Amino acid sequence: MQVLLPMERDIVTHPSLLLADDNPALLEILIEMLKPSYSVAAALCNGASVLREVSGLCPDLVILDISLGDLTGFEVARRLRDTGCPAKIIFLSVHEDIDFVEAAFDLGVCGYVFKSRITTDLTKAIDVVFKGGQFASVYSQWIH
């Protein structure tokens, strides 16, 4: 029998994720892709749901689409920051324009993944951001 010290028990090795995208089919794909390595706390289809559920779910990372239908990912990220939400945010977007990427990082987002690069970049981004770094598909690598 192994006894864990209190500090060892508190170390999180698999980040908890809250996913938000207005495309239910993409959410299903993301859940299947991420579940083997991560804990998916919720998969939500709009920004209002994220704002309502995030405090009760306490995810380590929130992965937001920029186009959520009811609110933009930028607005949701801004509101999460304004309410003191400690979760780190990664944007997942079809927008590959550098202006979107820069605006996201200016807002305090830690990651930006192009939907065209989900299979190659999303898990890298999750791992880098969870460990305290920043990631953007435009650079295809960690930033800090």
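**Reading pairing, burial and backbone angles**

Biologist: S4 and S5 pair in the parallel sense over 4 bridges; how is such a pairing to be read, and which residue in S5 is the bridge partner of Ser93?

Modeller: Two strands pair if DSSP finds at least two bridges between them, the elements themselves being DSSP runs numbered from the N terminus, with helices (H or I) of at least four residues and strands (E) of at least two. Here the partner of Ser93 in S5 is Phe114. This is a predicted model, in which local features need a pLDDT of at least 70 and side-chain atom pairs count only at pLDDT 80 or more, while totals for chains, interfaces and linings use all residues. Residues are numbered from 1 along each chain as its sequence is written, and side-chain values use heavy atoms, with hydrogens and water left out.

Biologist: What average pLDDT does the protein have, and where is the pLDDT below 50?

Modeller: pLDDT is the predictor's confidence in each residue, on a scale from 0 to 100. The protein averages 89, and 87% of the residues score at least 70. Residues 1–10 fall below 50, and beyond near neighbours in sequence this stretch has 2 contacts in the model, a contact being heavy atoms within 4.5 Å.

Biologist: Which residues have the most contacts inside the largest nonpolar core?

Modeller: A nonpolar core is a set of buried Ala, Val, Leu, Ile, Met, Phe, Trp, Tyr and Cys residues joined through side-chain atoms within 4.5 Å; buried means under 20% relative accessible area, exposed over 50%, and partly exposed in between, with a 1.4 Å probe and protein chains only. The largest such core has 26 residues, and Val50, Val62, Leu64 and Phe91 have the most contacts inside it. Strands S1 to S5 and helices H3, H4 and H5 each supply at least two of its residues, with H4 giving the most, 4 residues. Leaving aside neighbours within four places in sequence, the contacts of Phe91 include Leu64, Phe74, Ala77, Ala104 and Tyr112.

Biologist: On which side of H4 do its buried residues lie, and why?

Modeller: An α-helix has 3.6 residues a turn, so residues three or four places apart point the same way. In H4, Gly73, Phe74, Val76, Ala77 and Leu80 are buried. They cover an arc of only 165 degrees around the axis, and therefore lie on the same side of H4; the arc is that of the directions from the helix axis to the C-beta atoms. What covers these buried residues includes H3, S3, S4 and H5.

Biologist: S5 is a strand; which of its residues point one way and which the other?

Modeller: Gly111 and Val113 point one way from S5, whereas Tyr112 and Phe114 point the other way, and all are buried.

Biologist: How should I read a positive phi, and where is Cys58 found?

Modeller: Most residues other than glycine have a negative phi. Cys58, in the loop between H3 and S3, has a phi near 50 degrees, a positive value in a residue other than glycine, and it counts as exposed at 55% relative accessibility. Gly84, just after H4, also takes a positive phi, of about 80 degrees.

Biologist: Which backbone oxygen lies 3.2 Å from a polar atom of the Lys88 side chain?

Modeller: It is the backbone oxygen of Val129. Lys88 belongs to S4 and is partly exposed, with a relative accessible area of 27%.

Key. Polar contact = N/O pair within 3.5 Å; in protein donor to acceptor, adjacent residues only side chain to side chain.
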